[in-house]
Amino acid sequence: MTDHGMTMTKARPEHAGGEPVLSVRHLTTSFRTDAGSVTAVDDVSFDLMQGETLGIVGESGCGKTVTSKSIMRLLPDHVTTYGRETEVMFEGVNLARASARHMRSVRGDKIAMIFQEPMTSLNPVFTIGWQLDEALKYHTDLGRRERRDRGIEMLRLVEIPNPEERYKEYPHQLSGGMRQRVMIAIALCCEPDVLIADEPTTALDVTIQAQILDLMNGLKEKLSTAIMLITHDLGVVAQVCDRVMVMYAGRVIEEGPVIEIFHRAQHPYTKALLESIPKRGNKTRGKKLATIPGIVPSLTNLPPGCRFEDRCPFSDGTRCRTEEPALEQGPDDRPVRCHYPLGSDRERPARVTVSAEPTAQEAQD
Amino acid sequence: MPLIEVNNLVKKFPIRGGVLNRVVNHVHAVSGVSFSVATGETLGVVGESGCGKSTLGKTVIRLIDPTAGQIVYEGDDITELSHAELMPYRKKMQIIFQDPYSSLNPRLTINALLKEAIKFHGILGGDHSSAVDDYIDELIRTVGLRPDLKNRFPHEFSGGQRQRIGIARALCVKPSFVVADEPVSALDVSVQAQVLNLMSDLKKDFGLTMMFISHDLKVVEHFCDRILVMYLGHVVEELSGEDVEGTAQHPYTEALLRAIPIDDPAERRPLEALEGDVPSPINPPPGCPFAGRCPKVTDRCRKEMPPLEIKVNGQAVACFEVE
């Protein structure tokens, strides 16, 4: 483990399990494109502890989905390259360099994933039962009868009514919420150590979202699975995550326990993101919402300095523009990637307001 | 006088099937909705997917023809007007769509797509090219973009910018009533805030009356004066935008409020999830549409549809169990 990795581990507050289940170091994922090589995830390191829920938060294009797909090695091999120092350690094997055969034995068995679109991630021409059975057939040596019983038991666990009937049905016969439950049942049927949930409730209505989040929380307690939850919805994060990692333009910019992130954000982006959501109960009614001016920089044309510099109200206009800050311990004793983290004694430059009228800034160059 | 008044609006979509392609059934998208919007008011419509909120919005401005009911715009009944007769009203009623990627013509530059609408409706009276150009520049500036970008195509813009163009497209004919159908749902939170701020500025500057449709109660609460809560084609409750929590009485609205995660991990509480799913709008159950999931359900609810009536606190609620 490198120095960088060590500091990251030290930074972590004590958690239930001592040993991380999954340990990611210097994850760098690049794609070959017509416009040259694009680095979608840049030097991301984190540990996932047993029984914890780690939230990965960010706006579209920040690299949160690529991070999860890199861990599962679900990205197309012929255009994807991983950094030389990239390590995805799981049970002593570096998944970033593991064989396709090894990945097949890990996927769906020890690390399972649920996706955003329950409509498109189930196979429409096979029954629910067949799809549950497929995972069990590949990863266990149970007999046909036992697999069927186990499948129905899983459907019952995710609170699907009439599981025996549902087992024989096709995905189109189920509602969106029920399909997502089936996805969770399939993901959990081999009792994975790690569950990666990529925007699991984004396509669902709030009342159904509440059901699914409750279900995930309950299952985590029952099976002590470690969950990596990828989402852009800060409400969902506040509801279920223990720890949060905030990403911006392919970089981790801040991480820490959920309460500290929400109450004592160190990075200006985290703070701005939290302030831009309309609050329940009239707190923002009739007032202007806080906005982040401008847009996320293009990954093909990243600025040399801090990637958030052009949208940051605290930029000093010199150092921030030329030198990218490292991810290091901030004033709140958590890693943050900023020259002038919030809440620090370090002298911050006078608030150089990027623009009084943020909307005018959105125009591209 | 209200700007728009809708009485008992019904929209059923036929389902065809069989060898003869006959109508075998109907999707009951909107079932008897009545409301009015006063000039300058912003009416929110909130509900889960499939509750009929988008169909309602499109029917009100006659993009979809209603099956039954009446739509009155500034005192004129526009329900039965022909395509040609409707033209003068088209420029007064505009819509902003959800998806900024599919609602702009990909083959037209921003300039061309704005000019098309401006000329068609004769906004500047006749063909004064320079006046039109100035007007377009001004409009693009108003929605927070740079006029020199106007010769670009929609695909060259980001989602937030495209939604700004969609807004400019709706406003270029100087409408007085705008339906915004999930205008910020496809956008990232930080961009969503920018577009919401822009819309509230424009609402003031242009004196717009709006119908704001969204599934996100937080956004609707932030933006609207009055809110209709829809469930399976029915309005189940009307809320005051100023005090949603205080005025909510319908069991469905209460459940909806409890299902929204609180944006503060310190106040985390178990979400009280509603059981079950929304029933199918094909052959909806008799009685209250929410009866199957309602914690307060009685026998009467299963047989009889509760009317939307003013209750003790002065708000309209469709529930037998609310005093």
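These are my notebook entries on a predicted model with chains A and B.

**Entry 1: chain A as a whole**

I began with the overall make-up of chain A. I counted off 13 helices and 13 strands in its secondary structure. Then I looked up burial, and found that 49% of the 365 residues in chain A are buried. I also checked the contacts in chain A with a separation of 6 or more: 65% of them join residues 24 or more positions apart.

**Entry 2: a buried helix**

Next I turned to helix H2 of chain A, which spans residues 64-72. How many of its nine residues are buried? I found eight of the nine, so this helix is largely enclosed by the rest of the structure. I wrote down the buried ones: A:Lys64, A:Thr65, A:Val66, A:Thr67, A:Ser68, A:Lys69, A:Ser70 and A:Ile71. Just past the helix I came to A:Arg73, and its phi is positive, near 55°.

**Entry 3: two helices that cross**

Staying in chain A, I looked at helix H5 (residues 128-139) and helix H6 (residues 144-157). A reminder to myself: two packed helices are described by the angle between their axes and the distance between the axes. Here the axes come within 9 Å and cross at roughly 120°. I noted the crossing of H5(A) with H6(A) as right-handed. Which residues make the contact? From H5(A) I listed A:Gly129, A:Leu132, A:Asp133, A:Leu136 and A:Lys137. H6(A) brings A:Arg147, A:Arg150, A:Gly151 and A:Met154. Sorted by class, this contact has three nonpolar, two polar and four charged residues.

**Entry 4: a sheet in chain B**

I moved on to chain B and found an open sheet of four strands. I traced its order as E2-E1-E4-E5, with antiparallel pairing. Which strands lie at the edges? They are E2 (22-37) and E5 (76-77) of chain B, each of which pairs on one side only. I then followed strand E1 (residues 4-17) of chain B, which runs antiparallel to E2(B) and is joined to it by 12 bridges. A handy place to see this pairing is B:Glu5, which stands opposite B:Ser36 in E2(B).

**Entry 5: where the chains meet**

Last, I looked at the contact between the chains. I found 41 residues from chain B and 44 residues from chain A in it. On the side of chain B, the elements that give two or more residues are helices H5 (159-171), H6 (189-205), H7 (217-223) and H9 (251-259) of chain B. Which of them gives the largest share? I noted H6(B), with seven residues. By class, I split the chain B side into 19 nonpolar, 10 polar and 12 charged residues.

Notes:
Residues numbered from 1 in each chain as written. Chains lettered and ligands numbered in written order. Predicted model: local features only at pLDDT ≥ 70, side-chain atom pairs only at ≥ 80, totals over all residues. Pairing = 2+ DSSP bridges. Axes fitted to C-alpha atoms, helices over the stretch in contact; angles between N-to-C directions. Left-handed = near helix turned anticlockwise from the far one by under 90°. Contact = placed C-beta atoms within 7 Å. Nonpolar A, V, L, I, M, F, W, Y, C, P; charged D, E, K, R; others polar. Buried ≥ 20, exposed ≤ 12 C-beta atoms within 10 Å, placed from the backbone.
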